[in-house]
Amino acid sequence: MVNSKIQAAEENLIHVYNRFPIALDHGEGMYLYDTEGKEYLDFAAGFAVSGLGYDNKELNQALKDQIDKLYHTSNLYFHESCGEAAKELNRISGMDRVFFTNSGGEANEGALKAARRYAYTKKTGRYEFIAMQNSFHGRSFGAVSVTGHDSYREPFEPVVPGVRFAEFNDLDSVKALVNDKTCAIILEPLQGEGGNQSCNTGIYGRNP
Ligand SMILES: Cc1ncc(COP(=O)(O)O)c(C=O)c1O
């Protein structure tokens, strides 16, 4: 029997991801439970997003408290806890400034734009990006342009110009591409999706 939750998604969502045929219902710690009550030990944590475990009471309470106070205010105003959160992130990471984004793709868009903006402000004339073959940086246009997995990028070409691909773990191949137009080098310190090299379709690459 086809699970009705899966059927509803298959019939109503645009088909852009390959999904496992499991409809998840809730989680506890490192375990997930599907709508049939089957338990799964989760090694993925939602691509490393749910690192505190599922149903973490402290996190849940903080989210509930905030939703009850203010849901959305836009970036036109300062916010009671925004600066405090940034300060804490800087303390933990040892970085100087924070840029809040909604997703990994958007974080990479911000990084690419920061590099281009720096080159523009300094009038260096540099605009090229060097990225790695087999890499994955997200599905937005800039991120897909520096994504080395061909199956994610090719259907959207021509993408953002000025990107050249070197070989991961081969510093000479990177050095060979550096020139007076190089603006930034982007790479995953540890290749995740990009480390999946057995095929060039990616782990969730349906009709990208
Ligand atoms: C290495 C890497 N970069 C960027 C992204 C894009 O993140 P998001 O799906 O949050 O846009 C992913 C997503 O899996 C990723 O694995």
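The largest nonpolar core here has 9 residues: Leu 112, Ala 115, Ala 119, Phe 129, Ala 131, Val 146, Val 163, Cys 183 and Ile 186. Two elements, α5 (104–121) and β4 (128–132), each put at least two residues into this core. The top contributor is α5, with 3 residues. A separate core of 5 residues sits apart from it, and its members include Ile 130, Met 132, Ala 166 and Val 174. Keep in mind that all of this comes from a predicted model.

Ile 186 is a handy spot to start looking around. Skipping neighbours within four places in sequence, Ile 186 is in contact with Asn 108, Leu 112, Ile 130, Ala 131, Met 132, His 137 and Val 146. Of those partners, Leu 112, Ala 131 and Val 146 belong to the 9-residue core along with Ile 186 itself, while Ile 130 and Met 132 belong to the other one.

**The overall picture**

Zooming out, the protein has 208 residues, and 26% of them count as buried. Its secondary structure adds up to 8 helices and 6 strands, and going from the N terminus the elements read α-β-β-β-α-α-α-α-β-α-α-β-α-β. Measured out along the principal axes, the C-alpha atoms fill a box of roughly 60 × 45 × 30 Å. The accessible surface is about 15200 Å², with 57% of that belonging to carbon and sulfur atoms. If you take contacts between residues at least 6 apart in sequence, 52% of them join residues at least 24 apart.

As for confidence, mean pLDDT is 91, and 92% of the residues get to 70 or more. The stretch to be wary of is residues 199–208, where pLDDT stays under 50; the model still gives that stretch 35 contacts beyond four places in sequence.

**The parallel sheet**

Back to β4. This strand belongs to an open sheet of 3 strands, ordered β5-β4-β6 and paired in parallel. The edges are β5 and β6, each of which pairs on one side only. On average, neighbouring strands in this sheet are turned by 30 degrees against each other, ignoring direction. Helix α5 packs on the sheet, where it touches β4 and β6, and its direction makes about 150 degrees with that of β6.

How do the strand pairings of the model stack up? Here are three of them, each with its bridges and one pair of residues standing opposite each other.

| Strand pair | Bridges | Direction | Opposite residues |
|---|---|---|---|
| β4 and β5 | 4 bridges | parallel | Ala 131 and Phe 165 |
| β4 and β6 | 3 bridges | parallel | Ile 130 and Ile 185 |
| β2 and β3 | 3 bridges | antiparallel | Tyr 33 and Glu 39 |

Why call β4 largely enclosed by the rest of the structure? Because 5 of its 5 residues are buried. Both faces are covered, with Glu 128, Ile 130 and Met 132 buried on one side and Phe 129 and Ala 131 buried on the other.

**Two glutamates**

Glu 128 is part of strand β4. Is Glu 128 buried or exposed? Its relative accessible area is 11%, and the cut-off for buried is under 20%, so Glu 128 counts as buried. Leaving out residues up to four places away in sequence, Glu 128 touches Gly 162, Arg 164, Asn 179, Lys 181, Thr 182, Cys 183 and Ala 184.

Glu 167 is a useful second case. This residue is in the loop between β5 (163–166) and α8 (171–175), and at 44% relative accessibility it is partly exposed. Its contacts, again without residues up to four places away in sequence, are Met 132, Gln 133 and Ser 173. Glu 167 and Val 144 are 23 residues apart along the chain, and 17 Å separates their C-alpha atoms.

**The antiparallel sheet**

The other sheet is also open and has 3 strands, in the order β1-β2-β3 with antiparallel pairing. Strands β1 (24–28) and β3 (39–41) are at the edges with a single partner strand each, so each has one side without a neighbour in the sheet. The twist from one strand to the next averages 30 degrees. Within this sheet, β2 covers residues 31–34, and Tyr 33 is the residue that stands opposite Glu 39 in β3.

Definitions and conventions:
Residues numbered from 1 in each chain as written. Predicted model: local features only at pLDDT ≥ 70, side-chain atom pairs only at ≥ 80, totals over all residues. Heavy atoms only, no water. Core = buried A, V, L, I, M, F, W, Y, C linked by side-chain atoms within 4.5 Å. Buried < 20%, exposed > 50% of the residue type's maximum accessible area, 1.4 Å probe, protein only. Contact = heavy atoms within 4.5 Å. Pairing = 2+ DSSP bridges. Axes fitted to C-alpha atoms, helices over the stretch in contact; angles between N-to-C directions. pLDDT = per-residue confidence, 0-100. Areas by Shrake-Rupley, 256 points an atom, 1.4 Å probe, with all protein chains shown as cover.
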